[in-house]
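This briefing covers the fold of one chain and the contact that this chain makes with its partner.

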Amino acid sequence: MALGGFAPCPFPLGGTAIDGFTAEQHARLSADLKAAVSTAPFAVIRFATDNTTPLAYIAQHGVGVSSAPTLTVLGVGDIRLLWAASYQDEYDNAWGANITQAVATAHRAFGYTANCVAVVTLESSRQIRVRTRNPVTGAGDAVVTLAVW
Amino acid sequence: MSIVPTGNPAWVRSNGHTAYGGNVNKVNYQSIGTINPRTDLSAENLCRIAADLAAVARVSPFAVMTFTCDDTTPAAPTINKYYAMAGSSPTPTRNGNGDVTFQWAGSYADDYGVVANANIIAATATVVTSGANTYVATVELLDANANGVFESVRVRVVDQAVAAVSNAKVCLTIWTG
């Protein structure tokens, strides 16, 4: 059985549901965590295509605008996002950003063009270009949610 | 319930690895590592779990759903599938053809009864209706209660002429934070 504070790391798997952590529970945690890691986005960002400051940013490497990629406005309804070459986890293990997939949706927001399509171009492993356009009136700025893997 | 977990529910996005037992200075007792990997969980194992779980908890969607508009009856849209970090499916409302709103509770409790706001910060919508037509789905974050928490998402579906599309089927994903 587990011994709580009397069994520091490496701690033995076992015990009860109340005071232990069984091999079966650990196996389930490991499998589910691996599954979630396999499909979780690297980052999700909400931004306006006419502004270089994101509205919201959550990512595996951090949360908040200070962690966000660099945004560069290229024109009306046209913006580029550049992530850092590598990021570190909390234990200083660095890994390179390698973006392979992305999905984007335009929002309807006050002051912005309605009914826009958001088109994503993967320009490199860490750079994405997003263009927004109304199918009838053409290019227009919009708020966008972008998720990348 | 006799325990309150460390940190906040995952959809708040505030948990670091330490909330899961990680620590950058964590060590195995007396620096003696795992004797039997089949029965022991080492400090290194635990820290990797903590860091990876913190990473995916930051970015996992609060909810993923597929719904179908009912503009024939007309009636509120049907939620075909719903997966979420907590709670039951949101309340659907039909505003017009290809135009629906979903309202979540605004706050939810995790499995241990810890309650936290579910403030929607991002959303994507993709039309999955079969056929050759190209449709556009847009989202709008709404604060119906005017309490500073976005708890609703309005989805509109239009065609290439920006005309409302009836009876569309849409996949909607939302993130909170």
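The points below deal with chain B and then with the side of chain B that touches chain A. The model is predicted. Chain B holds one helix and eleven strands, and 44 of its residues take part in the contact with chain A.

**Fold of chain B**
- The order of elements along the sequence is β-α-β-β-β-β-β-β-β-β-β-β.
- Among contacts between residues at least 6 apart in sequence, 55% join residues at least 24 apart.

**Dimensions and burial**
- Chain B has a radius of gyration of 21 Å, whereas a compact globule of 177 residues would have one near 16 Å.
- The C-alpha trace of chain B spans about 70 × 40 × 25 Å along its principal axes.
- Buried residues make up 39% of the 177 residues in chain B.

**Contact with chain A**
- Chain B gives 44 residues to the contact and chain A gives 38 residues.
- On the side of chain B, the elements that give two or more residues are β1 (40-41), α1 (43-59), β8 (120-127), β9 (136-142) and β10 (152-158).
- The helix α1(B) supplies eleven residues, the largest share of this side.
- By class, the side of chain B that touches chain A has 24 nonpolar, 13 polar and seven charged residues.

**Strand pairing between the chains**
- β1(B) pairs with strand β1 (residues 11-12) of chain A in the antiparallel sense, over two bridges.
- In β1(B), B:Leu41 stands opposite A:Phe11.

Definitions and conventions. Residues are numbered from 1 along each chain as its sequence is written. Chains are lettered from A and ligands numbered from 1 in the order in which they are written. This is a predicted model: local features need pLDDT of at least 70, side-chain atom pairs count only at pLDDT 80 or more; totals for chains, interfaces and linings use all residues. Helices (H or I, at least four residues) and strands (E, at least two) are DSSP runs, numbered from the N terminus. The radius of gyration is taken over C-alpha atoms; the globule rule is 2.2 Å times the number of residues to the power 0.38. A residue is buried if 20 or more other C-beta atoms lie within 10 Å of its own, exposed if 12 or fewer, and partly exposed in between; C-beta atoms are placed from the backbone. Two residues are in contact if their C-beta atoms, placed from the backbone, lie within 7 Å. Ala, Val, Leu, Ile, Met, Phe, Trp, Tyr, Cys and Pro count as nonpolar, Asp, Glu, Lys and Arg as charged, and the others, Gly among them, as polar. Two strands pair if DSSP finds at least two bridges between them.
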